[in-house]
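Here is a short briefing to read alongside the model below. Keep the viewer open as you go through the points.

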Amino acid sequence: MTANPAWRVTTARLRLEPVNWADRDDLVALKTDPRAFAMMLGGVRTAEQATAELAEDIAAWGAQGFGIWTIRGQSTNAFLGITGLADRPDGRGIALRFALWPEVRGAGLAREAASAALRYGHDRAHLPRIIAVARADNFASRTVLGAIGMTESDSFLRNGVQMLVYESAS
């Protein structure tokens with residue numbers, strides 16, 4: 001399936017492309033690596049779980065017109081991570097997600113990608129409310145969420161860990 005060109009997003013340094021089967025190896029590598037995925041909802045995946053999620057993510061784009069993007073360098077085409085919007089399984093709503101390789105963190109790329117995904121969600125997918133959930137001790141993610149204008153709105157415990165809910169309303 002060729003992605004709808006309207007689903008692509010570019011920023012000053014990044015290209016966000018809806019995930020597709022050609023991304024499978026990159027996605028499996030990212031999602032099976034605890035350095036990149038240990039703090040994500042559901043934690044580190046197996047290769048089989050990552051492949052099943054890819055199928056679900058591809059279907060979500062077709063059904064909803066939003067979903068998960070790969071993050072690639074604008075000039076290098078290097079796979080840097082993922083960002084996107086997905087319905088949370090706990091019923092809290094449509095959530096902004098992002099995970100980047102540790103080697104590229106600290107350069108503002110997560111903020112740039114997450115901000116673009118959030119704008120797409122409000123402006124192009126017409127989502128009135130988008131949330132994000134971060135561990136209370138994940139200061140890097142919390143900093144990104146605050147920098148893109150999301151505000152802390154709730155909290156809950158998951159497996160004894162304090163989780164903070166951030167919100168953005170259009």
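Trp61 is buried in this predicted model, and Tyr120 is buried as well. The ring centres of these two residues lie 6.1 Å apart with their planes at 70°; since planes over 60 degrees apart count as edge-to-face, the pair belongs to that class. Trp61 sits in helix 3 and Tyr120 in helix 4, so the contact joins parts of the chain 59 residues apart.

**Aromatic contacts**

- Tyr120 has another ring partner in Trp69: their centres are 5.0 Å apart and their planes meet at 85°, so this pair is edge-to-face too.
- That contact also links distant parts of the chain, with Trp69 in strand 3 (residues 68–73) and Tyr120 in helix 4, 51 residues apart.
- Like Tyr120, Trp69 is buried.
- Which residues make up the aromatic cluster? Trp7, Trp61, Trp69 and Tyr120 form it together.
- The structure holds 4 aromatic pairs.

**Helix 4, the home of Tyr120**

- Is helix 4 largely enclosed or open? With 12 of its 16 residues buried, it is largely enclosed by the rest of the structure.
- Tyr120 is one of those buried residues, and others among them are Leu109, Glu112, Ser115, Leu118 and His122.
- Several alanines of helix 4 are buried too, including Ala110, Ala113, Ala114, Ala116 and Ala117.
- Helix 4 covers residues 109–124, and at 1.5 Å a residue it should span 22 Å; its end C-alpha atoms are 21 Å apart, which agrees.
- As general background, an α-helix has 3.6 residues a turn, so residues three or four places apart point the same way.

**Strands 1, 2 and 3**

- Strand 2 (residues 14–18) is mostly covered, with 4 of its 5 residues buried.
- On one side of the pairing list, strand 1 (residues 9–10) runs antiparallel to strand 2 over 2 bridges, and a hairpin of 3 residues joins these strands.
- Within that pairing, Val9 stands opposite Leu16 in strand 2.
- Strand 2 also pairs with strand 3, again in the antiparallel sense, over 5 bridges.
- Pro18 has Trp69 as its bridge partner in strand 3, and this is the Trp69 that belongs to the aromatic cluster.

**Strands 4 and 5**

- Strand 4 (residues 79–87) and strand 5 run antiparallel and are joined by 7 bridges.
- One of the bridge partnerships is between Ala86 and Ala95, the latter in strand 5.
- The hairpin of these strands has 6 residues between them, and Gly91 there takes a positive phi near 80°.
- How many residues of strand 5 are buried? Strand 5 (residues 94–100) is mostly covered, with 6 of its 7 residues buried.

**The largest pocket**

- If you are thinking about volumes, the largest pocket holds about 1,000 Å³ of space.
- Its lining is made up of 49 residues, and those nearest its centre are Met39, Met40, Arg97, Phe98 and Ala99.
- The elements that give two or more residues to the lining include helix 2 (34–37), helix 3 (47–64), helix 4 and helix 5 (139–147), along with strand 4, strand 5 and strand 6 (129–135).
- Which element gives the most to the lining? Strand 5 does, with 6 residues.
- By class, the lining has 28 nonpolar, 8 polar and 13 charged residues.

**Positive phi values in loops**

- For context, most residues other than glycine have a negative phi.
- His126 has a phi near 55°, a positive value in a residue other than glycine.
- Where is His126 placed? His126 is in the loop between helix 4 and strand 6, just after helix 4.
- Is His126 buried or exposed? His126 is exposed, with a relative accessible area of 60%.
- Asn159 likewise has a phi near 55°, a positive value in a residue other than glycine.
- The loop between strand 7 (151–158) and strand 8 (161–169) is where Asn159 is found.
- Asn159 is exposed, with a relative accessible area of 78%.

Methods: Residues numbered from 1 in each chain as written. Predicted model: local features only at pLDDT ≥ 70, side-chain atom pairs only at ≥ 80, totals over all residues. Heavy atoms only, no water. Buried < 20%, exposed > 50% of the residue type's maximum accessible area, 1.4 Å probe, protein only. Pairing = 2+ DSSP bridges. Expected span 1.5 Å × (residues − 1). 1 Å grid on protein atoms, 1.4 Å probe; cavity = no way out; pocket = protein on both sides within 12 Å on 5 of 7 lines; lining within 4 Å. Points joined across faces, edges and corners; volume = space filled by probe spheres on them. Nonpolar A, V, L, I, M, F, W, Y, C, P; charged D, E, K, R; others polar. Phe/Tyr/Trp six-rings, centres within 6.5 Å; stacked < 30°, edge-to-face > 60°.
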